[in-house]
Amino acid sequence: MAFLEIENLHKSFGANTALHHFDMKIERGEFITFLGPSGCGKTTVLRMIAGFENPTRGVIRLDGRDVTHLRTRQRKVGMVFQSYALFPNMTVADNIGFGLRVARRPQDEIRKRVEEMLELIKLPNVGERYPWQLSGGQQQRVALARALAGKPQVLLLDEPLSALDAKIRISLRQDIRALQRELGITSIFVTHDQEEALSISDRIVVMNEGRVEQVGTSSEIYNYPRTRFVASFVGTLNILSGHVVDPASGTMAVDGQELVTTQQLAPDDAGKKRLLALRPEAIVLEAPAAGRNTLAATVEEVSFLGAVVRIRARVKDAVISLDVFNDPNRRLPERGQPVALGFSHENLLVLEEGAA
Ligand SMILES: Nc1ncnc2c1ncn2[C@@H]1O[C@H](COP(=O)(O)OP(=O)(O)OP(=O)(O)O)[C@@H](O)[C@H]1O
Ligand SMILES: [Mg+2]
């Protein structure tokens with residue numbers, strides 16, 4: 001049995017459905033990220049796990065116990081919010097110890113635990129300060145310490161880094177991940193930043209309009225997106241339309257040119273239209289080679305970006321972007337020049353039907 005099980009969770013606000021049939025099994029110690037655009041239901045799921053919101057339908061089980069309708073205080077869940085949400089009139093130490101005081105733990109225990117937490121977040125000397133005397137990044141560390149002080153079974157982080165500037169964001173996300181590993185605490189992290197999600201997660205749940213689009217490791221989500229939404233939300237992607245020629249050999253046709261995919265096609269797919277996806281970094285300019293795909297195209301634009309040069313080439317109705325590393329000894333193609341775009345069979349992705 002998984003540590004945290006969410007079964008068929010559904011949430012409506014009046015006539016509005018924020019979440020449709022959300023299913024997820026999370027293992028003990030896993031670091032899961034919910035990734036998706038604004039309004040897709042990420043916070044709604046977290047709030048139901050924390051007990052701030054009642055599901056319309058569905059079950060949430062934590063370590064084998066049905067917690068769906070328990071109060072927040074009866075589930076061992078710690079939460080960090082986007083805005084630091086520290087109590088402004090309390091010192092850092094009082095903020096961190098707040099939950100323990102509410103639970104009427106003995107003074108000594110609280111003092112000890114607060115000290116431990118300050119050590120853990122590497123801010124041992126700020127206990128007597130007030131939140132306004134800390135930087136944004138430090139305040140968010142304190143919020144993390146407050147969430148962890150009660151030894152929760154699950155840590156929920158709702159866009160904890162989005163109010164911070166880019167540099168602090170990267171260093172704090174690495175610190176959060178390191179801390180999470182050290183404590184082995186099961187965590188759910190919410191973000192709409194794909195790079196953030198790819199860099200820290202054991203698994204990513206890509207959400208769109210209250211539904212799960214795909215669940216997988218960073219590499220699965222990035223390299224093998226199943227739908228157009230996932231493909232374009234997680235990175236830059238070229239989309240081509242083609243049709244299936246021979247499902248058995250994985251042969252597709254785009255603009256009269258045959259291409260091969262290693263993805264499984266169903267026998268009755270023959271003749272069907274499908275969307276194909278190709279990542280810019282999977283394409284190289286090369287002469288046709290056996291065992292590889294080649295697509296004839298015409299260069300429309302060459303932009304020098306520094307370390308990479310981005311080339312845009314047209315294949316009938318589609319424009320394909322590809323990146324080549326800058327090399328002063330290489331001659332770049334010119335606008336209007338015919339080129340051969342080469343890529344492996346594995347890199348030709350066929351998106352699911354209905355994912356247009
Ligand atoms: N209390 C509420 N009453 C009515 N509608 C709500 C309520 N809370 C959320 N919603 C709606 O539910 C949907 C999902 O909202 P949610 O806050 O979960 O999105 P999100 O993915 O966290 O977005 P963001 O990235 O902007 O934080 C939205 O359409 C939102 O307007
Ligand atoms: Mg939100």
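**Two domains and a ligand**

Mentor: Let's start where the two parts meet: domain 1 and domain 2 bury about 390 Å² between them, with 50% of that on carbon and sulfur atoms. This is a predicted model, where local features need pLDDT of at least 70, side-chain atom pairs count only at pLDDT 80 or more, and totals for chains, interfaces and linings use all residues. Residues are numbered from 1 along each chain as its sequence is written, and side-chain values use heavy atoms, leaving out hydrogens and water.

Trainee: What makes an area "buried"?

Mentor: Buried area is the accessible area (1.4 Å probe) that two parts lose on being put together, summed over both. On the domain 1 side, Tyr 222, Tyr 224 and Pro 225 supply 90% of the area buried against domain 2.

Trainee: Where do the domains begin and end?

Mentor: Domain 1 is 4-225 and domain 2 is 236-350, with bounds from an automatic or database domain assignment.

Trainee: How many salt bridges does the rule find across the interface of domain 1 and domain 2?

Mentor: The rule finds 0 there. A salt bridge needs a side-chain nitrogen of Lys or Arg within 4 Å of a carboxyl oxygen of Asp or Glu, so no pair across this interface meets that rule.

Trainee: Why is the pairing of Lys 42 with ligand 1 called a polar contact?

Mentor: An N or O atom in the Lys 42 side chain is 2.8 Å from an oxygen atom of ligand 1. A polar contact is a pair of N or O atoms within 3.5 Å (within protein, one must be able to donate a hydrogen and the other to accept it, and residues adjacent in sequence count only if both atoms are side-chain atoms). The 2.8 Å is within 3.5 Å, so the name fits.

Notes
Chains lettered and ligands numbered in written order.
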